[in-house]
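User: I'd like a close look at a single part of this model, and then a walk outward from there to the rest. Could you take me through it in one connected answer?

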Amino acid sequence: MNIASRPKFFTTNKRGENYELKAELNSEYRGVRKDAVKKVIANMTVGKDVSGLFPDVLKNMHTEDLELKKLVYLYLMNYAKTQPELVILAVNTFVMDTNDTNPLIRALAIRTMGCLRVEKIIDYLTEPLRKCLKDDNPYVRKTACLCVAKLYDLNPELALESGFVETLQEMVSDINPMVVANAVVALSDINEASPETVVFKITGGTLNKLLHALNECTEWGQISILTALADYKAGDVKEAEGICDRVLPRLQHANGSVVLSAIKVLMINMRLVRDANFNKNLVKKMAPPLVTLLSGPPEVQYVALRNINLILQKRSDVLSNEMRVFFCKYNDPPYVKLEKLEIMIRLCNERNVDQLLSELKEYASEVDVDFVRKSVRAIGRCAIKIEEASERCINVLLDLINTGINYVVQEAIVVIKASETAGIADIFRKYPQKYEGIIPTLCENLDALDEPEAKASLIWIIGEYASHIDNADELLSGFLENFKEENAQVQLQLVTATVKLFLKKPNENQDIVQQVLQTATTECENPDIRDRAYVYWRLLSTDPQAAKAVVLSDKPPIEDEDTGVSAALLDELIYNIGTLASVYHKPPEAFIGGKRYGADNVQKAVAEPAEEEDINAPPPQIQAAIKNNDIGNLLDLDWDDPGAAAASSSSQPSAQNDLQDLFSPSSPQQTQQQSPVAAKPKSNVDDIMGLFGSSAPAPVPQTSGFQQPMFQQSPPQQQQQLQQNLFGGDLLFDTQPAAQPTSPPQQQQKAAQNDPFADLF
């Protein structure tokens, strides 16, 4: 059958949805046109491209129907950037709407013109904007205030030359509080956009007008005014007290952001007030609003808790009597529980420590592993913070260690032991020689420890108190069986604890210290562990008395673990209470890139990518030849830049010489004598020897009897020779040469008498 005989299957009368919408937009009936505009907005909302209908939608702009006008304005704001030429056709309608008798239409027109952000209509915007700034209706004036800030963002020179910024400054004294609030918002945005141009500075006369408008504007206006007041520095104590009195009623507002902004202004001005009773009264009135913030959803609670944490770091007496408010509930999210735990530690004192310890003991039986760990560690922090309660904290920790509840044993024993041991180790540092009686109890639970931090802490206790533990060598030997499989943190503590044990009981533990140091230096891949073992090795082999002074020195008592921010950062964060900076506990510059990440600037950056220097690019003369399409010159040019090659070759010896100056113990004359040799080809081993001042891998004489058996146990002869050359010299980089002449027999005998560990090996 001929296909042409059935054309109806291959043709259609439908011309697409946009064609139908275009016909409806040009209908003679208002209702049809209104429904068509709604369909266009619906398609625009779901992401369909309806920019081709721009002229047809624009025809419906001139209407008395307010709803239809809003829809058309919404369409214009969305597609103005893609159709800048056609937007000019709407200027006349905008100008007519700014003269409409309805203030809603006047405000809608000036707001839409400010949101179009098309440079071609800026000149048409100035006169309607000037008229709206002087409008009789406050709603139009407050909308025009924000339009000035948008105009300044597009063309700062035009906004200044036309006097819009000066008019905005005058509107801070407007009789309508909403106009005042929007003027403050616009001026603050202009200040932020141009920090070098101070366009808004609160004076004494402006201050009273802002405080007066504070009581009557909306919550967003109150936040804006309070933020501006936070930047104002009171001239004297009386003015600061007046600001606090006028701002104090804002603490009773239902909006949490208003409350936090008011607290920010109060805390800033309280610095100038010297009257202790006045400050005490303010602190007393700040507590109930902060407590009320904790009755909201978990997300609001978290924001409030992060801000409360900052407030307590600045003024710890704000919530000193509200400990119970921060007790964790069973249905609190983990992030809320952990934040409450931090605040409870800050509020802990001699009066409420028993109440807190009882609560923390209950938390230790929770199912959340991380929360249990933090709770038990909090008990140790209480002991460090309050000396009078340290014994009670120790008893609580011992009760948790000796608990027989299967729930705790099965679900959280590892975590409990980990945190307890770490906490008790800190308590031993804080109160040395005071709670040594609980060491046997800790050692009995050695097998239950699986966390690296717990093992490392208990190993530290065994090494530190080895003289009080009879079987310290047996306890450490249990860890040494799996030394290579242990965590690096545990290995480091094992090396140190073994050396401590040897220095305290030298006659009984020479084999164990030799085994640990040998394993750490020859079989461990971690450089930190090897270096620490070599340092101990060198100390013991050269001067055991110095090793005792270094390894067994008195530890400074540990201070209270303060997880707060620094004083300078805290002052800056107080100025940002109620913002993201107070939640992150970071200054705004740390997570905000300023205007670089605005929508317009991102699009400009994509359109005009910055040119980056290509390290693999040919030299400039070759690039110029390529640009000029000069093939003849390309054949004659050298593609390798001789200047760069010479510079790189000359920089390598200088860098090596700098390293030799740092590490080599030789004199300047010796360095000059060695410089011709450095020009010869070297192997990798020779380069390493050069860093430590050695010219060739020659064996170094042993300095004591402790070192010789160590190196005899090294299986490969090459590794033994390399280790002797690397570490046979002074590892601590003293000024003596690596190879020293042999001492007379009398001096060797005298040194053996002075060395208490010389005959151990």
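Analyst: Leu125 is found in helix α8, in what is a predicted model. With a relative accessibility of 5%, Leu125 counts as buried, because anything under 20% falls in that class. Leaving aside residues up to four places away in sequence, Leu125 touches Ile110, Met113, Cys147 and Leu151. There is also Val95 to look at: 30 residues separate Val95 from Leu125 along the chain, and their C-alpha atoms are 8.4 Å apart.

Two of the names on that list lead straight to a helix pair. Ile110 belongs to the α7 side of the contact between α7 and α9, and Cys147 to the α9 side. Two packed helices are described by the angle between their axes and the distance between the axes. Here, helix α7 covers residues 103-116 and helix α9 covers residues 138-154; their axes come within 9 Å and cross at roughly 5 degrees. Angles under 35 degrees count as roughly parallel, so α7 and α9 are classed that way. On the α7 side the contact is made by Pro103, Leu104, Arg106, Ala107, Ile110, Arg111, Gly114 and Cys115, and on the α9 side by Tyr139, Val140, Thr143, Cys147 and Lys150. By character, the residues of this contact are eight nonpolar, two polar and three charged.

Now step into the loop between α7 and α8 (122-133), where Arg117 lies. Most residues other than glycine have a negative phi, and most peptide bonds are trans. Arg117 has a positive phi of about 55 degrees although it is not a glycine. Its relative accessibility of 24% makes Arg117 partly exposed, because that value lies between the 20% and 50% limits.

A second residue of this kind is His585, with a positive phi near 60 degrees and again not a glycine. You will find His585 in the loop between α32 and α33 (599-607). At 13% relative accessibility, His585 counts as buried.

Helix α32 (580-584) brings us to the largest pocket, since α32 is among the helices that each supply at least two residues of the lining. The others named there are α12 (177-193), α14 (219-230) and α16 (256-270). Of the helices, α12 gives the most to this lining, with six residues. The volume of the largest pocket is about 1200 Å³. Its lining counts 34 residues, and those nearest the centre are Glu192, Thr227, Asp231, Asn576 and Thr579. Sorted by character, the lining holds 17 nonpolar, eleven polar and six charged residues.

One more loop residue deserves a stop. Glu486 lies between α26 (472-480) and α27 (488-504). Glu486 is buried, with a relative accessible area of 15%. Its contacts, not counting residues up to four places away in sequence, are with Lys455, Phe479 and Gln491.

Finally, here is the wider setting for these parts. The protein's secondary structure comes to 41 helices and zero strands. Of its 761 residues, 42% are buried, and Leu125, where we began, counts as buried too. Among contacts with a separation of 6 or more, 66% join residues 24 or more positions apart.

Note on methods:
Residues are numbered from 1 along each chain as its sequence is written. This is a predicted model: local features need pLDDT of at least 70, side-chain atom pairs count only at pLDDT 80 or more; totals for chains, interfaces and linings use all residues. Side-chain values use heavy atoms; hydrogens and water are left out. On a 1 Å grid over the protein atoms alone, a cavity is a set of points where a 1.4 Å probe fits but cannot get out, and a pocket is an open set with protein on both sides within 12 Å along at least five of seven lines; lining residues have an atom within 4 Å of a point. Grid points are joined across faces, edges and corners, and a volume is the space filled by probe spheres set on the points. Helices (H or I, at least four residues) and strands (E, at least two) are DSSP runs, numbered from the N terminus. Ala, Val, Leu, Ile, Met, Phe, Trp, Tyr, Cys and Pro count as nonpolar, Asp, Glu, Lys and Arg as charged, and the others, Gly among them, as polar. Axes are lines fitted to C-alpha atoms, for helices over the stretch in contact, and angles run from 0 to 180 degrees between N-to-C directions. Angles under 35 degrees count as roughly parallel, over 145 as roughly antiparallel, 65 to 115 as roughly perpendicular and the rest as oblique. Contact means heavy atoms within 4.5 Å. Buried means under 20% relative accessible area, exposed over 50%, partly exposed in between (1.4 Å probe, protein chains only).
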